[in-house]
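This briefing introduces a protein and its ligand to a reader who has not met them before. It begins with one term, then turns to the fold, the ligand and a single buried side chain.

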Amino acid sequence: MKYQAILATAILISTSAWATQPDPLVMESRMAIKAFAGELKGELQSAMKAGGPVNAIGVCHTRAPEIAEAINSKGKLNISRVSLKNRNTGNAPDAWQKAVLEEFESRITKGETADKIDHAATVNTANGKEFRYMKAIPTGDICLACHGGNISDDVKAKLDKLYPDDKARGFNKGDIRGAFYVSIPQ
Ligand code: HEC
């Protein structure tokens, strides 16, 4: 009994330490995501203001990969976006990412909210150990013009032209639009 009580306290301490001070790799991943998301959202919002969604499609199309590339070229960390219903075929998940995205979907159905869902793991790969972090991307109001169920005809026409295999439509506010993916070789 006594031993179990000590064990329970030890677990309690380690969980609260985790909550106040996350793993440095998780923190590094979250910072990279913040930089990527912040830059992209800023450019998206100004393009939407300047010329509406048809104009802003160009920002997502050209700037999203460029911003990711700029962050990736700075260090050993690699950042990208993936989705179960991807627009760009290059953003289709691999098997590991797909399993995590499916787990995120089941967490939503159990009552968690998209802005709080993430997952971290260290995996063994052919090239050695790799830290991996995924963070769900919630669908907000501003996203619906290009990812919602009621997209205007001019936006549709431009999306059809750029992305003939587009699967990223029909989302509702609060849905998981996809996830940021960060990998850091160890
Ligand atoms: C103006 C239209 C537009 C708006 C508004 C928009 N997106 Fe996108 N989104 C796109 C385009 C175009 C792509 C494909 C980008 C590419 O080619 O890499 C994309 C791709 C994505 C991807 C990468 C996965 C995929 O499907 O290829 C995610 C995640 C994403 N958008 C999330 C969002 C979120 C979250 C919002 C709202 C904050 C949002 N988008 C608003 C047009 C838009």
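A polar contact, as the term is used here, is a pair of N or O atoms within 3.5 Å. The model is predicted, and the distances and classes below are computed from it. With that term in hand, the contact of tyrosine 163 can be read: one of the polar atoms in its side chain lies 2.6 Å from an oxygen atom of the ligand.

**Overall fold**

- The protein is built with five helices and four strands, and along the sequence these elements follow the pattern α-α-β-α-β-β-α-α-β.
- Of the 186 residues in the protein, 33% are buried.

**Where the ligand sits and what surrounds it**

- The ligand is found in the largest pocket, and there are 21 residues around it, of which Arg87, Cys143, Cys146, His147 and Tyr163 come nearest.
- Sorted by class, the shell around the ligand is made up of 13 nonpolar residues, four polar residues and four charged residues.
- Three elements, namely α2 (24-72), β3 (128-138) and α4 (144-147), each contribute at least two residues to this shell, and the largest share, six residues, is supplied by α2.

**Polar contacts and the iron atom**

- Besides the contact of tyrosine 163, the side chain of asparagine 88 has an N or O atom that is 2.8 Å from an oxygen atom of the ligand.
- Histidine 147, which belongs to helix α4, has a side-chain N or O atom 2.9 Å from a nitrogen atom of the ligand.
- Which protein atom serves as a donor of the iron atom of the ligand? The only protein donor is NE2 of His147, at a distance of 2.1 Å, and this residue is also listed among those that come nearest to the ligand.

**A buried glutamine**

- Glutamine 97 is part of helix α3, which covers residues 95-109.
- Is glutamine 97 buried or exposed? Its relative accessibility is 7%, and because buried means under 20% relative accessible area, glutamine 97 counts as buried.
- A polar atom of the glutamine 97 side chain also lies 2.8 Å from the backbone nitrogen of aspartate 94.

Conventions. Residues numbered from 1 in each chain as written. Predicted model: local features only at pLDDT ≥ 70, side-chain atom pairs only at ≥ 80, totals over all residues. Heavy atoms only, no water. Near = heavy atom within 4 Å. Polar contact = N/O pair within 3.5 Å; in protein donor to acceptor, adjacent residues only side chain to side chain. 1 Å grid on protein atoms, 1.4 Å probe; cavity = no way out; pocket = protein on both sides within 12 Å on 5 of 7 lines; lining within 4 Å. Sits in = over half its atoms within 2 Å of the grid points. Nonpolar A, V, L, I, M, F, W, Y, C, P; charged D, E, K, R; others polar. Donors = N, O, S within 2.8 Å, 3.2 Å for Na, K, Ca; no water. Buried < 20%, exposed > 50% of the residue type's maximum accessible area, 1.4 Å probe, protein only.
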